[in-house]
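Thanks for coming, everyone. I'll keep this short and walk through one stretch of the chain, then a few charged pairs. Have a look at the structure first.

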Amino acid sequence: MNRLAFATARLMRRDAPLAALSVPQSALLADLSGRHVALIGNARALADQAHGARIDAADRVVRINRAPMPSPASHGTRTDWLGLATRLPDADRARLDPGRILWMSPKRKRLDWDSASSPGFYLHPLADIDMLAGRLGAPPTTGAMLIDLCLRSDLASLTLYGFDFFASLSLSGRRNAAQVPHDFAAEGAWVADLLRQDHRLTLIR
């Protein structure tokens with residue numbers, strides 16, 4: 001697909017041509033098999049911690065959207081996968097230098113050509129987004145979708161850093177919980193259930 005065909009498919013909300021640019025979900029999940037994965041949320045409270053070395057020691061480091069990283073000591077330095085639901089400015093793309101981009105948002109019009117044409121690009125299926133939204137009773141955050149996706153794989157462990165479900169707000173913006181379309185209480189309860197049910201999952205506070 002060339003840039004013009006991509007722009008047309010995006011404008012007309014034709015998902016099938018966009019999905020053709022994506023690696024299969026099965027291939028994405030196979031890449032996590034047996035690996036220890038660190039998923040880094042954007043909670044402000046993470047900046048006060050010193051988990052950077054543990055994060056960088058993971059087999060795969062997954063970050064979210066513009067992924068602010070105030071310090072290597074708190075956030076580490078690597079970005080193997082970047083889960084996006086928003087356009088990524090060129091400066092952030094260069095700073096993060098992600099090995100793979102995952103477009104997690106149902107809003108395909110926000111998807112840019114540089115992301116869609118990048119090596120290993122993945123487009124999260126609308127059906128999967130809708131299923132998780134039904135479970136949570138609200139549109140899921142990018143972090144929630146990434147948790148759900150990663151746990152479908154045969155990974156060895158998934159460790160969450162920087163997830164406090166908006167208790168300390170977000171490093172990536174100034175909005176409060178009432179100004180975003182997510183149900184953070186529902187997501188927190190859902191993750192608490194996952195922690196009880198799946199021994200591979202750990203939440204670092």
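**Charged pairs and one helix**

Let's start with Asp148. At 12% relative accessibility, Asp148 counts as buried, since the cut-off for buried is under 20%. Keep in mind that this is a predicted model.

What does Asp148 pair with? Its side chain meets that of Arg152 in a salt bridge, 2.8 Å from N to O. Arg152 counts as partly exposed, at 33% relative accessibility. Side chains of opposite charge can pair when their charged atoms come close.

How many salt bridges does the structure hold? There are 11. Let me pick out two others. Arg78 and Asp80 meet through their side chains at 2.4 Å, N to O. Arg78 counts as partly exposed, with 24% relative accessibility. Then there is Arg200 with Asp198, a salt bridge at 2.8 Å, N to O. Arg200 is buried at 14% relative accessibility. Asp198 is buried too, with a relative accessible area of 14%. Back to our opening residue: Asp128, Arg135, Asp148 and Arg152 are joined into one network by salt bridges that share partners.

Now to helix H10. This helix runs over 184–197. Its 14 residues should span 20 Å at 1.5 Å a residue, and the end C-alpha atoms are indeed 20 Å apart, so the two agree.

Which residues of H10 are buried? They are Phe184, Glu187, Gly188, Trp190, Val191 and Leu194. These cover an arc of only 160° around the axis, so they sit on the same side of H10. The face turned away from that buried side carries the exposed residues Ala185, Arg196 and Gln197. What covers the buried residues? The cover includes helix H8 (126–136), helix H9 (142–150), strand E6 and strand E7 (201–204).

Look at the start of H10. There, a side-chain oxygen of Asp183 comes within 3.2 Å of the backbone nitrogen of Ala185.

Glu187 deserves a stop. This residue is in helix H10. Glu187 is buried, yet has no salt bridge. Where is the nearest side chain of opposite charge? That is Arg135, 11 Å away. A salt bridge needs the nitrogen and the carboxyl oxygen within 4 Å, so that pair does not count. What Glu187 does have is a polar contact, side chain to side chain, with Thr141 at 2.8 Å. Leaving out residues up to four places away in sequence, Glu187 touches Leu136, Pro139, Pro140, Thr141, Ala144 and Phe165.

Ala189 is in H10 as well. Its relative accessible area is 41%, so Ala189 is partly exposed. Ala189 and Phe165 are 24 residues apart in sequence, and 9.8 Å apart in space, C-alpha to C-alpha.

Last stop: the loop between strand E6 (157–161) and H10, where Phe166 lies. Phe166 has a positive phi of about 75°, although it is not a glycine. Is Phe166 buried or exposed? It is buried, with a relative accessible area of 16%. Leu169 is in the loop between E6 and H10 too. Phi of Leu169 is near 65°, again positive in a residue other than glycine. At 27% relative accessibility, Leu169 counts as partly exposed.

To recap: Asp148 is buried and paired with Arg152. Glu187 is buried without a salt bridge, but makes a polar contact with Thr141. Happy to take questions.

Conventions: Residues numbered from 1 in each chain as written. Predicted model: local features only at pLDDT ≥ 70, side-chain atom pairs only at ≥ 80, totals over all residues. Heavy atoms only, no water. Helix = DSSP H or I, 4+ residues; strand = E, 2+ residues; numbered from the N terminus. Buried < 20%, exposed > 50% of the residue type's maximum accessible area, 1.4 Å probe, protein only. Expected span 1.5 Å × (residues − 1). Arc of directions from axis to C-beta. Contact = heavy atoms within 4.5 Å. Polar contact = N/O pair within 3.5 Å; in protein donor to acceptor, adjacent residues only side chain to side chain. Lys, Arg positive; Asp, Glu negative; His and termini not counted.
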